[in-house]
Amino acid sequence: MGQIARLNAHIAHGFRVAHTDGHIGTLHMATVNPLQFIQQVRSEVSKVVWPTRREVMLTTVMVFIMAALTAVFFALVDITIRWGLQSVLGMFG
């Protein structure tokens with residue numbers, strides 16, 4: 001696949017592209033009627049592999065666990081920094 005073909009495959013509507021020959025142009029998407037668009041969307045959505053209920057639940061639980069662990073970590077860091085600052089400032093005050 002050539003460089004221009006790769007650019008065309010990865011650049012969306014309205015972006016300016018610099019071609020290898022130095023020419024700068026604007027890419028335009030093909031016009032599709034609304035019915036074809038809906039059919040294409042339905043076709044693409046049918047290809048999606050949706051997670052199972054179990055996968056969603058496990059992922060959700062993992063997010064809550066990681067959020068709780070992060071909160072505990074930063075609370076401990078905050079307490080340590082506060083204690084250290086109070087100790088240092090207590091020496092001079």
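## A walk through the predicted model

Phe37 is partly exposed, with a relative accessible area of 49%. The model in which Phe37 appears is a predicted one, and this residue serves as the starting point here.

Phe37 sits in helix α2, which covers residues 34–46. On the surface, Phe37 takes part in a nonpolar patch of about 640 Å². The other residues that make this patch are Val32, Ile38, Val41, Val45, Val48 and Trp50. A nonpolar residue can join such a patch if its relative accessible area is over 30% and it has no salt bridge; Phe37 meets the area condition because its value is 49%. In an α-helix there are 3.6 residues a turn, so residues three or four places apart point the same way.

The helix itself can be described next. α2 has 13 residues, and the distance from its first C-alpha to its last is 18 Å. That is close to the 18 Å expected at 1.5 Å a residue. At the start of α2, Asn33 places a side-chain oxygen within 3.0 Å of the backbone nitrogen of Leu35.

Charged side chains come next. Side chains of opposite charge can pair when their charged atoms come close. The structure holds one salt bridge, and Lys47 forms it with Glu44. The closest N and O atoms of Lys47 and Glu44 are 3.1 Å apart; this counts as a salt bridge because the limit is 4 Å. Lys47 is exposed, with a relative accessible area of 55%, whereas Glu44 is partly exposed at 46%.

Aromatic rings give another single case. A search of the whole structure finds one aromatic pair. Phe73 and Phe74 form this pair, with 5.1 Å from centre to centre and 75 degrees between the planes. The arrangement is edge-to-face, because planes over 60 degrees apart are classed that way. Phe73 is partly exposed, with a relative accessible area of 48%. Phe74 has a relative accessibility of 53% and therefore counts as exposed, the cut-off being over 50%.

The whole chain can now be set around these details. Its secondary structure comes to three helices and two strands, and along the sequence they follow the pattern α-β-β-α-α. The protein chain has 93 residues, of which 3% count as buried. About 8,600 Å² of the protein chain is exposed, and carbon and sulfur atoms supply 69% of that area.

Terms used
Residues numbered from 1 in each chain as written. Predicted model: local features only at pLDDT ≥ 70, side-chain atom pairs only at ≥ 80, totals over all residues. Heavy atoms only, no water. Patch = residues over 30% accessible without salt bridge, like charges linked within 9 Å, V, L, I, M, F, W, Y side chains within 5 Å. Areas by Shrake-Rupley, 256 points an atom, 1.4 Å probe, with all protein chains shown as cover. Salt bridge = Lys/Arg side-chain N within 4 Å of Asp/Glu carboxyl O. Helix = DSSP H or I, 4+ residues; strand = E, 2+ residues; numbered from the N terminus. Buried < 20%, exposed > 50% of the residue type's maximum accessible area, 1.4 Å probe, protein only. Phe/Tyr/Trp six-rings, centres within 6.5 Å; stacked < 30°, edge-to-face > 60°. Expected span 1.5 Å × (residues − 1). Polar contact = N/O pair within 3.5 Å; in protein donor to acceptor, adjacent residues only side chain to side chain.
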